[in-house]
Amino acid sequence: MDIIDAALSSLNLLLTYDVMIMLCIGVIYGLCVGLMPGLGGIVAIALLLPFTIGFGVIPTLGLLLGAHIATIWGGSVTSILFNVPGAAKSLALVFDGHPMTRNGQASRALGASAMAALLGGIIGAIFLALSIPLVRPIMLSIGPSEYLILALWGLSIIATFSDGSMIKGGIATCLGMMAAYVGMDPITGTPRFWMDSIYLLDGIYFPVAMIGLFAISEMLKLYVKQTSFVERVEGEETSTLLSGCMDAFKHWWLVIRSSLLGLWIGVLPGIGASVGGIAAYAQAVQTSKNPEKFGKGAVEGVIAPDATLGANEGGGLLPTLAFGIPGGESMAILLVAFLSMGIVPGPQMLTTDLDLVFAMVWIIVFANIFTAIIGLAISPKLSKLPGLNPNIMIPIVLSVCLFGAYVTRGYFADVILAFLFGVIGYYMDKYKFSRANFVIGMVLAEMIERNLHISLGLHGNYFIFTQPVSIFLLFLLFLTTGLSLKRKNSKKEQLSV
Amino acid sequence: MSKINGEKFFIICLLVLSICYFLGSLAFGPNARLLPLPVSLVSIVLCILAIASRRESQVDKKESIQRELKGIFLILFFVALIAFVGPAVGSGIFCMIYMLRKQNLNILKSLATSICVALFIYYIFYHFLQLTPDSNFQLLY
């Protein structure tokens, strides 16, 4: 089927009353779930699955994908306002989104976030449509050694967050990696550091660790300092939503770059959007003329990850539909839903059933538009939340966080783990050990270990030097990191002069 | 002694943790310790460098330490409440006690606020999201 015909006929399928209603319901539901710490897109879609029976394929897809897209932006909101990543994907939004809120620019950050996600979704969808014929060979040329180098590239941004002390930044990263290696080794099946606890055999559950590390530690900090949740550096909220939206257009080149990165990270199975967000942030830092502003409230640090997340979902559909390989965790749940609707993944999805693929791409575009509209409408109210009295905020946020930690899997041990990570996170923040580095280490450790083992098994000890794509990526890694460090040093020298 | 070098103490704790991790890694097979061993070794080296560095570390006042400990015990109390009476009721009780102490509200206002919080959480998680974790409640073991 011709690509343009498929795109137009699928748009025709979508522009119906029932699809739009289902899409709206999905978006509103997704925003509600996304605003709850710890409950990501997986929970949102899993809970919707029983309600999908009895509806047509396209309205059901509208409901599921609408909820999925809106959940991602909901997670960005909690990262920006409360320093609590709603899900692993939104982690990179914490780095600059929350400092913006602290600087009295919450509205600007929310506006930039919503607009970047919208533009990312649209750009991602357009490029996805254009690149469908090219996708298959590229997907097949990327192997474990290339994934390993991509993960190392993500790790290279720790220098950005090691403000003041690289040693402390390094310790935080090592601790994050050490935390990730708790539990059953995925390669050899060896139980590691499990302290005879069956609970720890599963490893440390990432959303629970994040709730503790960011949300509970912030509440502890608030209790100790007894100031409002956001210590505004420059007084009250000074920014507007419009300025944030305009920022996304001003940094159009960054939006396009990040969207393409998100799209391709989505296309490559097994990387996951959490790594995508960090990689987008890394490229924003490394290509910025003012990298020293990152981590202190740079709007580019919000735009890049959100554009990537917006585009990532469209890309994630490709391996899910074409090969039955989910691009990420949420895509795995979506795959179950697709199968229950009679959508069978396979290469035919990119040939005879292309209209269905395009219908999903269009749904993602519309879901992004609805999310941006609803998100921008509620943002003025949301931006006032961090300024609330701490004595009201502490019990409510603690209740929601500990409840969220508990309810996701129903393990009381998750509550204890969230508490422990809360205490660790508090002292890390107090003594300037970057929590961001800890989380980056934790996210990338598993990917580094898995791909290192596979690469060694497949290509031997010198695998990097035998793979041309790996050598090229390694060269890029050294080049971008070297340039970034050089730029950072020259800025330091300028400042000291 | 009214001041404690909290930062050094924290780094020493991390050093001990890293050493335990390193020693624990030695017990695994070569594949299972391929990354945990070098990562913990790097962590040990960095911790030693941080302790040995001449940079002045942060010294805490005894009062702030007491306040931190109070905060930690407060959250621990909430965790215990969740364990004994369940998350929804525990949230209500915690909110009420916290508001009575900190907000200086009267009992009725605190009770009303805490019931609202508990009902809100209960409604969102149990009814709207239909998450019923009590059905597979599991303690740490």
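A residue counts as buried if 20 or more other C-beta atoms lie within 10 Å of its own, as exposed if 12 or fewer do, and as partly exposed in between, with C-beta atoms placed from the backbone. The structure is a predicted model, in which local features need pLDDT of at least 70 and side-chain atom pairs count only at pLDDT 80 or more, whereas totals for chains, interfaces and linings use all residues. Residues are numbered from 1 along each chain as its sequence is written, and chains are lettered from A and ligands numbered from 1 in the order in which they are written.

Chain A has 497 residues, and 61% of them are buried. Its secondary structure consists of 22 helices and 2 strands; these are DSSP runs numbered from the N terminus, with helices being H or I of at least four residues and strands being E of at least two. Two residues are in contact if their C-beta atoms, placed from the backbone, lie within 7 Å. Of the contacts in chain A with a separation of 6 or more, 81% join residues 24 or more positions apart.

Helix α15 of chain A covers residues 300-322, and 23 of its 23 residues are buried. The expected span of a helix is 1.5 Å times one less than its number of residues. For the 23 residues of α15(A) this gives 33 Å, which agrees with the 34 Å between its end C-alpha atoms. The helix nevertheless contains a kink of about 30°, centred on A:N312; the bend at a residue is the angle between axes fitted to the seven residues ending there and the seven starting there.

Two helix pairs in chain A may be considered next. Two packed helices are described by the angle between their axes and the distance between the axes. Here axes are lines fitted to C-alpha atoms, for helices over the stretch in contact, and angles run from 0 to 180 degrees between N-to-C directions. Helix α4 (residues 57-82) and helix α17 (residues 354-382) of chain A pack at about 40°, with their axes 8 Å apart. They are therefore oblique to each other, given that angles under 35 degrees count as roughly parallel, over 145 as roughly antiparallel, 65 to 115 as roughly perpendicular and the rest as oblique. The crossing of α4(A) and α17(A) is right-handed: the near helix is turned clockwise from the far one by less than a right angle, while an anticlockwise turn would be left-handed. Among the residues that meet are A:G62, A:G66 and A:W73 in α4(A) and A:A367, A:F370 and A:G375 in α17(A).

The second pair, α9(A) and α20(A), packs at an angle of about 40°, with axes 7 Å apart. That makes α9(A) oblique to α20(A), and their crossing is right-handed. The residues making this contact include A:G169 and A:C174 of α9(A) and A:G441 and A:E446 of α20(A).

The contact between the chains takes 50 residues from chain A and 55 residues from chain B. On the side of chain A, helices including α9, α18 and α20 each supply at least two residues, and α18(A) gives the largest share, 11 residues.

In chain B, B:E7 is found in helix α1 (residues 6-26). B:E7 is buried, because 22 other C-beta atoms lie within 10 Å.

Most residues other than glycine have a negative phi. A:K432, in the loop between α19 and α20 of chain A, has a positive phi of about 65°. A:K432 is partly exposed, with 15 other C-beta atoms within 10 Å.
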